[in-house]
Structures are given as structure tokens and as C-alpha cells.
Amino acid sequence: ESFDLQLELTGTPNWTVTITHDDGDGNLVDEDLVVTASPAVYNVTDSLEYFITNIVDGNNCANDADSAPVTVTIDPLPTALYQFGDSAICAGSSVDVLIDLTGTAPWSLDYTNNAGVQNAVVASSPFVITVNTNDVITLTNVGDAIACANPINEIITITEVAIPLVDAGPDLVLCSNEVGVLGTPENPAYTYQWTPVTDLET
């Protein structure tokens, strides 16, 4: 991220402007700019303290008095990320989709789901969306309390799975030592549990 500092200059163009800043380790670094018009823009990309230490205009008039310092703080963009990926739920149940947010609370979170475009004001992280059917949730933008906004494209798909049907078949009347068959042919995709567990073979 970056920020534009605006420089208001007086005198005659062109100017040579010396901008000084610390390097984060306590050392001062000078940068000379040639400016052809006022106001001018100086782009900064680091959270540092900046000030002008010298300026010379087109008439070779110089001013080496330090300007008042400007402290620039560049905050990272807020983010919104799912805690897990695509998931399946059984019909009749639900799942809480958890979304971790970074930045400064509260957040404004834009997203879409099967119901359309949504906006939520979020006081704390994680944000929870409860889903109880097939749904696709797309996070589209997150903004935080210091007005930093971040367009995003985070997608999660929730798939509702039908509950398997259980049918042991009709009642049977067996003679002693006679064997009967219960249920339907085994489906290898299912796990079966019978009650009682004795005197049964699968």
C-alpha cells in the first residue's frame, strides 16, 4: 500500500526538494526530487516520519530550514478468510461457516449467497453465517473501521446431502434353524448398524 503526500511550494519553478526520512533503524535518508509544478505529489510506501530539509527554486534561492515532520502510518488492508473449505451437510442439519477477519473492528463485509447480495456490520471475528441448505457464499469486499477497503473473491460451496433411506424389509416368520434375509443388497458407500447385534450376519 502507499500514500500520496502533497507538497505546496512557493518561489519559481523548477524546484529541487530534499525529503528526509528515517529508515526504520534510526538512520536518516535523503531523497532529492525535481519538481516542475506546485502542488506536487510525493508517494510513500512505508510507515515512517518524513520532512523537507532543503529546497532550491528556479532562481537558485535556497531554504534549508527543516519543515515540520509528517508521520505516515500505512495500515495493512483488512482481510476475510474462511476457516475451512467446501463442505457437505446432511439434509435437515446446518453448519456454521466461520470467517476470520483482520484489520480494525468493526468491519463492513459484503457477500453474496443464494438469497442475493448481503452486507453485514461485524463487531468481532470470526463472523458466522449459518447454512442449512445448498448454498454458495462469495465474499466480495471487506472494509474496516479506519476506512481501509479490500475487494476480495473468496468462495465456499455448501452441499446438502440426502439422508440415506433405511428399510429392513417386511416382517419374517422363520422356523427353528431357518435363515432369513433382511434388508436390501449392501451399498458399499454406506455403513450399516443393526440391532440386536447377535445372531446376524452381513
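**Exercise 1. Find where Asn14 sits, and describe the peptide bond that leads into Asn14.**

Solution.
- Step 1: Place the residue. Asn14 lies in the loop between strand E1 (3-7) and strand E2 (15-22).
- Step 2: Keep in mind that this is a predicted model.
- Step 3: Look at the bond from Pro13 to Asn14. Its omega is near -5°.
- Step 4: Name the form. The Pro13 to Asn14 peptide bond is cis.

**Exercise 2. Describe the peptide bond from Ser125 to Pro126, and place Pro126.**

Solution.
- Step 1: Take the angle. Omega is near 5° for the bond from Ser125 to Pro126.
- Step 2: Name the form. This peptide bond is cis.
- Step 3: Place the proline. Pro126 is in the loop between strand E12 (116-122) and strand E13 (127-131).

**Exercise 3. What is the sign of phi at Asn60 and at Asn177, and how accessible are these residues?**

Solution.
- Step 1: Start with Asn60. This residue is in the loop between strand E5 (49-56) and E6.
- Step 2: Take its phi. The value is positive, about 65°, although Asn60 is not a glycine.
- Step 3: Judge its accessibility. Exposed means over 50% relative accessible area. Asn60 has 64%, so it counts as exposed.
- Step 4: Move to Asn177. This residue lies in the segment after E15.
- Step 5: Take its phi. Asn177 has a positive value near 70°, and it is a residue other than glycine.
- Step 6: Judge its accessibility. Asn177 has a relative accessible area of 79%, so it is exposed.

**Exercise 4. Which residues does Ala65 touch beyond four places in sequence?**

Solution.
- Step 1: Place the residue. Ala65 lies in the loop between strand E6 (62-63) and strand E7 (70-71).
- Step 2: Leave out residues up to four places away in sequence. Ala65 then touches Ile52 and Thr53.
- Step 3: Take one distance. Ala65 and Thr53 are twelve residues apart in sequence, and their C-alpha atoms are 6.2 Å apart.

**Exercise 5. Work out which face of strand E8 is covered, and name the partner strand.**

Solution.
- Step 1: Find the strand. E8 runs over residues 79-82.
- Step 2: Sort its residues by face. Ala80 and Tyr82 form the covered face. Thr79 and Leu81 form the uncovered one.
- Step 3: Find the partner. E8 pairs with strand E10 (residues 95-102). The sense is antiparallel, over four bridges.
- Step 4: Pick one bridge. Thr79 has Thr102 of E10 as its partner.

**Exercise 6. Is Val97 buried or exposed, and what surrounds Val97?**

Solution.
- Step 1: Place the residue. Val97 is in strand E10.
- Step 2: Apply the cut-off. Buried means under 20% relative accessible area. Val97 has 0%, so it counts as buried.
- Step 3: List contacts, leaving aside neighbours within four places in sequence. Among them are Tyr82, Phe84, Phe127, Ile137 and Ile158.
- Step 4: Follow one contact. Ile137 is 40 residues from Val97 along the chain, and their C-alpha atoms are separated by 9.4 Å.

**Exercise 7. Where is Pro106, and how far is Pro106 from Asp32?**

Solution.
- Step 1: Place the residue. Pro106 is in the loop between E10 and strand E11 (107-113).
- Step 2: Judge its accessibility. Partly exposed lies between the cut-offs of 20% and 50%. Pro106 has 44% relative accessibility, so it counts as partly exposed.
- Step 3: List contacts, leaving aside neighbours within four places in sequence. These are Val122, Ala123, Gly143, Asp144 and Ala145.
- Step 4: Compare sequence and space. Pro106 and Asp32 are 74 residues apart in sequence, and 41 Å apart from C-alpha to C-alpha.

**Exercise 8. Which residues make the nonpolar surface patch that includes Tyr190?**

Solution.
- Step 1: Place Tyr190. This residue is in the segment after strand E15 (149-161).
- Step 2: Judge its accessibility. Tyr190 has a relative accessible area of 38%, so it is partly exposed.
- Step 3: List the patch. Leu172, Leu174, Leu182, Tyr190, Tyr192, Trp194 and Leu200 make it. The patch has about 620 Å².

**Exercise 9. Set the radius of gyration of the protein against that of a compact globule.**

Solution.
- Step 1: Count the elements. The protein has 15 strands and zero helices.
- Step 2: Take the expected value. A compact globule of 202 residues would have a radius of gyration near 17 Å.
- Step 3: Take the model's value. The protein has 34 Å.
- Step 4: Check the box. The C-alpha atoms fill roughly 120 × 35 × 25 Å along the principal axes.
- Step 5: Add burial. Buried residues make up 26% of the 202 residues.

Note on methods: Residues numbered from 1 in each chain as written. Predicted model: local features only at pLDDT ≥ 70, side-chain atom pairs only at ≥ 80, totals over all residues. Heavy atoms only, no water. Patch = residues over 30% accessible without salt bridge, like charges linked within 9 Å, V, L, I, M, F, W, Y side chains within 5 Å. Areas by Shrake-Rupley, 256 points an atom, 1.4 Å probe, with all protein chains shown as cover. Salt bridge = Lys/Arg side-chain N within 4 Å of Asp/Glu carboxyl O. Helix = DSSP H or I, 4+ residues; strand = E, 2+ residues; numbered from the N terminus. Buried < 20%, exposed > 50% of the residue type's maximum accessible area, 1.4 Å probe, protein only. Rg over C-alpha atoms; globule rule 2.2 N^0.38 Å. Pairing = 2+ DSSP bridges. Contact = heavy atoms within 4.5 Å.
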